[in-house]
Protein chains: 2
Amino acid sequence: MKIVFIGSGNVATHLSTALSKTDIHIIQIISKNIANAQKLANSIECESFSDTLNDLLEADLYIIAVADAEIKKIASHKFFKDRFLVHTCGSVKMNILSENTNQYGVFYPLQTFNKNNRVDFSEVPICLEASNDEVYNKLEKLSGKISTKIFKINSEQREKLHIAAVFVNNFVNHLFALANEIVERENIDSEILKPLISATFENMYKKNPFDIQTGPAIRNDIETIEKHLSILKNYPKNFVEVYEIISESIRQMYNLK
Amino acid sequence: MKIVFIGSGNVATHLSTALSKTDIHIIQIISKNIANAQKLANSIECESFSDTLNDLLEADLYIIAVADAEIKKIASHKFFKDRFLVHTCGSVKMNILSENTNQYGVFYPLQTFNKNNRVDFSEVPICLEASNDEVYNKLEKLSGKISTKIFKINSEQREKLHIAAVFVNNFVNHLFALANEIVERENIDSEILKPLISATFENMYKKNPFDIQTGPAIRNDIETIEKHLSILKNYPKNFVEVYEIISESIRQMYNLK
């Protein structure tokens with residue numbers, strides 16, 4: 001199977017790298033950023049790279065791994081008439097690819113990617129959607145070469161999964177950043193929080209987070225909450241707002257008054 | 001050194017268990033809940049237990065590990081005249097213990113404790129504060145028997161540290177619970193989120209969370225944010241509120257308009 005990648009960002013880099021270690025042939029990298037295209041092509045020993053869709057080579061599958069807003073325009077290129085196209089994006093509906101072809105789908109790896117980190121793709125859940133059963137079977141076979149965790153996820157589900165991913169990745173990271181700022185303002189080394197963060201993470205892995213919620217909000221410990229809010233008034237106002245809204249959200253989830 | 005514990009909850013259980021494995025003698029457990037007192041006493045081979053402070057035995061140190069609101073009343077008991085007293089609480093000032101004695105302090109283990117989990121105390125940061133240097137040295141020696149991570153933290157710092165702990169433990173756990181609810185409503189197994197949560201955690205361990213923030217809010221990707229908010233309108237209102245406030249907090253932290 002011959003594949004062309006359009007894109008050279010984090011997802012394109014990790015996905016093409018993982019696929020290049022199988023019997024798949026990645027024959028071309030197309031990217032607006034020609035330096036990135038060349039770098040990625042070199043690193044996976046792919047011979048062709050370009051910064052324009054006009055150079056596209058003949059392949060069995062075109063993987064569009066670019067920013068959400070650019071997918072539609074790329075897919076509308078006439079070269080893709082009756083070609084096999086997928087995108088890799090959590091929050092974009094599959095049928096955005098339908099303009100030129102009946103063979104299209106989504107290949108969404110649910111993970112956070114960073115060019116400088118190694119990724120064990122075998123543990124990455126891959127969410128598949130396809131325009132028909134034949135296309136689905138091809139994508140399932142392809143993803144089975146790099147991952148053991150394959151999920152059939154439609155566009156509506158994938159949108160929501162992407163929101164959940166924002167909560168557990170982007171928002172959790174932001175809470176870590178807020179907490180670090182609190183301790184660093186007190187001249188305390190933020191390393192002090194790491195064992196607690198480890199335990200938080202390990203508990204979630206073993207148990208349902210709903211069942212193990214602790215803290216002032218679920219105890220309805222108004223005195224502690226008020227004390228915390230009065231201290232946080234001396235911080236930028238987002239600290240108080242986040243504290244109030246998450247405490248309120250906990251009360252709502254557990255039907256506390 | 002002979003120690004009496006007042007309290008038989010999560011902190012008392014884990015701390016007394018860790019200390020009982022050293023050359024420290026825990027000679028008594030006092031707890032309103034006599035069944036818990038007996039159970040804990042048995043498990044650490046301590047001979048005496050009671051549900052009343054009137055039975056207190058002579059000891060070198062009294063560790064008060066009870067709910068925040070009960071500490072002051074316990075410390076005011078006349079038995080503690082000139083005795084050596086500590087509490088184990090993050091959000092209660094040290095001088096609440098000063099009514100009867102000049103020898104007092106705080107021994108705050110910064111970790112989440114659950115009776116059913118084992119805890120490796122050697123990795124638990126212990127935050128110490130003392131009424132004078134002699135008391136501090138005693139507490140430092142004591143904590144060195146169970147942990148390698150000892151921090152000198154005053155009451156003002158400890159209050160803030162406790163708030164940071166609420167962010168990284170209680171609030172992060174709540175975000176996991178919200179995310180699980182989102183995927184479960186779509187009949188997707190919440191296991192699908194675990195590799196992403198693992199990566200979020202590992203990234204935080206290796207890098208400063210401030211430097212690795214990703215997601216629609218920091219990209220100022222208004223289109224995705226609006227799409228997410230319109231989907232979340234179909235959920236209980238705390239989902240939208242949490243999404244909005246954390247996205248806004250990210251924008252504030254990075255000075256995005």
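Student: Where in chain A is A:H77 found?

Tutor: A:H77 is found in the loop between α3 and β5 of chain A. Keep in mind that this is a predicted model.

Student: Why is A:H77 called partly exposed?

Tutor: The relative accessible area of A:H77 is 24%. Buried means under 20%, and exposed means over 50%. The value of 24% lies in between, so A:H77 is partly exposed.

Student: What does A:H77 touch, leaving out residues up to four places away in sequence?

Tutor: A:H77 touches A:L53, A:N54 and A:N100. Contact here means heavy atoms within 4.5 Å.

Student: What does the side chain of A:H77 reach at 3.0 Å?

Tutor: That side chain reaches the backbone nitrogen of A:F79.

Student: How far apart are A:H77 and A:N173 in space?

Tutor: They are 38 Å apart, C-alpha to C-alpha. In sequence, 96 residues separate A:H77 and A:N173.

Student: Now salt bridges. How many does the structure hold over all chains?

Tutor: There are 26 over all chains.

Student: What makes A:K32 and A:E70 a salt bridge?

Tutor: Their closest N and O atoms are 3.4 Å apart. The cut-off is 4 Å, between a side-chain nitrogen of Lys or Arg and a carboxyl oxygen of Asp or Glu. The distance of 3.4 Å is within 4 Å, so the pair counts as a salt bridge. This pair links distant parts of the chain, 38 residues apart. A:K32 sits in the loop between β2 and α2 of chain A, and A:E70 in the loop between β4 and α3 of chain A.

Student: Why is A:K32 called exposed?

Tutor: A:K32 has 67% relative accessibility. Exposed means over 50%, so A:K32 qualifies. Its partner A:E70 has a relative accessible area of 28% and is partly exposed.

Student: How do you know that A:E58 and A:R83 form a salt bridge?

Tutor: Their side chains meet at 2.6 Å, N to O. That is within the 4 Å cut-off, so the pair counts. A:E58 lies in the loop between β3 and β4 of chain A, and A:R83 in the loop between α3 and β5 of chain A, so the pair ties together parts that are 25 residues apart in sequence.

Student: Which of these two is buried and which is exposed?

Tutor: A:E58 is exposed, at 54% relative accessibility. A:R83 is buried, with a relative accessible area of 16%. Buried means under 20%, so 16% passes that test.

Student: What makes A:K93 and A:E159 a salt bridge?

Tutor: The closest N and O atoms are 3.3 Å apart. That is within 4 Å, so the rule is met. A:K93 belongs to the loop between β5 and β6 of chain A, A:E159 to helix α5 of chain A, 66 residues apart. A:K93 is partly exposed at 32%, while A:E159 is buried at 10%.

Student: What about salt bridges between chain A and chain B: how many are there?

Tutor: The count is two salt bridges. One of them joins the side chains of A:K160 and B:E186, at 3.4 Å from N to O.

Student: Which element gives the largest share of the side of chain A that touches chain B?

Tutor: That is α5(A), with 27 residues. By class, this side of chain A has 46 nonpolar, 25 polar and 13 charged residues.

Student: How much area do the two chains bury between them?

Tutor: Chain A and chain B bury about 8,400 Å², 68% of it on carbon and sulfur atoms. The contact takes 84 residues from chain A and 84 residues from chain B.

Student: Why is the relation of the chains called a two-fold axis?

Tutor: A rotation of 180° superposes chain A on chain B, with 0.0 Å of shift along its axis and an RMSD of 0.0 Å. That is the relation of a two-fold axis. The same surface serves both copies, as 100% of the contact residues of chain A recur in chain B.

Student: Which residue of chain A comes closest to the rotation axis?

Tutor: A:V172 does, at 2.9 Å by its C-alpha.

Methods
Residues are numbered from 1 along each chain as its sequence is written. Chains are lettered from A and ligands numbered from 1 in the order in which they are written. This is a predicted model: local features need pLDDT of at least 70, side-chain atom pairs count only at pLDDT 80 or more; totals for chains, interfaces and linings use all residues. Side-chain values use heavy atoms; hydrogens and water are left out. Buried area is the accessible area (1.4 Å probe) that two parts lose on being put together, summed over both. Helices (H or I, at least four residues) and strands (E, at least two) are DSSP runs, numbered from the N terminus. Ala, Val, Leu, Ile, Met, Phe, Trp, Tyr, Cys and Pro count as nonpolar, Asp, Glu, Lys and Arg as charged, and the others, Gly among them, as polar. Copies are superposed by least squares on the C-alpha atoms of residues with pLDDT of at least 70 in both. Buried means under 20% relative accessible area, exposed over 50%, partly exposed in between (1.4 Å probe, protein chains only). A polar contact is a pair of N or O atoms within 3.5 Å; within protein, one must be able to donate a hydrogen and the other to accept it, and residues adjacent in sequence count only if both atoms are side-chain atoms.
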